[in-house]
Amino acid sequence: MKSLLTLLIFTAFISYSSAQILKKPIPDKLVVLTFDDAPASQYSVVAPLLKEFGFGGTFFVCEFQPNYADSTLYMNWRQIQALDQMGFEIANHTHTHANVSKLNQADFNKQLAYIEDKCDSLGIAKPSNFAYPGYGLNAQALTYLQEKDYVFARAGGSRAYDPLSDHPYLIPSWATDADNKAEIIKAFDEAKDGEIVILTIHGVPDIEHPWVNTPSELFKEYLEFLSANDFTVISMKDLEEYIDAEAAKKIIQPDLDKKFSN
Ligand SMILES: [Zn+2]
């Protein structure tokens with residue numbers, strides 16, 4: 001009897017949470033594509049391919065040190081502005097690709113403000129989402145993001161995002177590289193039953209960081225797979241259509257014991 005009551009309370013809590021957090025049901029086959037670090041190929045290869053397939057995407061930009069100014073390696077701000085004008089989301093990955101778990105609040109705010117000010121000066125929509133450089137995060141970082149009104153923050157972890165149990169500042173993702181095609185194709189299968197699959201993609205190709213290289217042919221294969229199998233491919237910002245992040249932050253306790261690196 002007692003266990004039945006517990007079950008009823010639990011079920012009621014789940015439906016209450018779901019009503020609060022979800023603005024509308026999460027459809028099966030919902031995938032979010034995110035692109036980190038602003039390598040040059042995201043402008044020359046990724047953006048035209050996304051346009052060709054009619055897919056959305058989020059570009060988590062930073063000025064990757066020490067070679068940011070080398071335009072053969074990284075996008076310049078005019079190219080980032082062009083991505084915004086093409087309808088893609090520009091989001092915050094800190095100024096210098098800083099490990100935010102090692103920053104005090106003043107330094108974290110400086111890192112965020114640099115990207116926000118750059119966007120402001122170029123007429124790019126104010127970044128509302130964040131990705132942790134190197135997946136470095138801690139409880140403090142979450143409170144700093146809250147004070148700056150960020151909506152979602154993406155980490156790693158190689159698992160699907162459940163909006164009813166994952167805190168909006170601890171959103172998991174898979175990272176693509178040259179050798180994990182089987183893992184990524186299998187991951188797409190997890191975009192069902194209310195869960196969302198998010199990919200973290202670096203350069204396509206990535207010249208400076210070969211361990212996170214995604215060859216352009218492989219990237220194209222992913223887009224063809226998603227298109228042929230009728231996936232909905234959106235940006236992080238588009239998640240707000242489905243999820244009330246502020247409600248989720250009130251209901252879901254951040255669980256920092258989960259895995260957040262890829
Ligand atoms: Zn990064």
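Begin by selecting His-97, which lies in the loop between strand E3 (89–92) and helix H4 (105–121). The model is a predicted one. Although His-97 is not a glycine, its phi is positive, at about 60 degrees. Most residues other than glycine have a negative phi. His-97 counts as partly exposed because it has 18 C-beta neighbours inside 10 Å.

Select Asp-149 next, in the loop between helix H5 (139–147) and strand E5 (152–157). Here too a residue that is not a glycine has a positive phi of about 60 degrees. Asp-149 has 9 C-beta neighbours inside 10 Å and therefore counts as exposed.

Now turn to strand E7, residues 197–201, where 5 of 5 residues are buried. Display the side chains: Val-197, Leu-199 and Ile-201 point one way from E7, while Ile-198 and Thr-200 point the other way.

Add strand E1 (residues 30–36), which pairs with E7 in the parallel sense over 5 bridges. Within this pairing, Val-32 has Ile-198 as its bridge partner. Then add strand E6 (residues 171–175), which is parallel to E7 and pairs with it over 2 bridges; Leu-199 in E7 stands opposite Trp-174. Follow the chain from E6 through helix H6 (residues 181–188) to E7: this β-α-β crossover is right-handed.

Continue to Pro-205, in the loop between E7 and helix H7 (216–228). The peptide bond joining Val-204 and Pro-205 is cis, with omega about 5 degrees. Finish at Pro-66, in the loop between strand E2 (58–61) and helix H3 (77–85). Gln-65 and Pro-66 are joined by a cis peptide bond with omega about 0 degrees. Most peptide bonds are trans.

How values were computed
Residues numbered from 1 in each chain as written. Predicted model: local features only at pLDDT ≥ 70, side-chain atom pairs only at ≥ 80, totals over all residues. Buried ≥ 20, exposed ≤ 12 C-beta atoms within 10 Å, placed from the backbone. Helix = DSSP H or I, 4+ residues; strand = E, 2+ residues; numbered from the N terminus. Pairing = 2+ DSSP bridges. Right-handed = clockwise from strand over helix to strand, strands pointing away.
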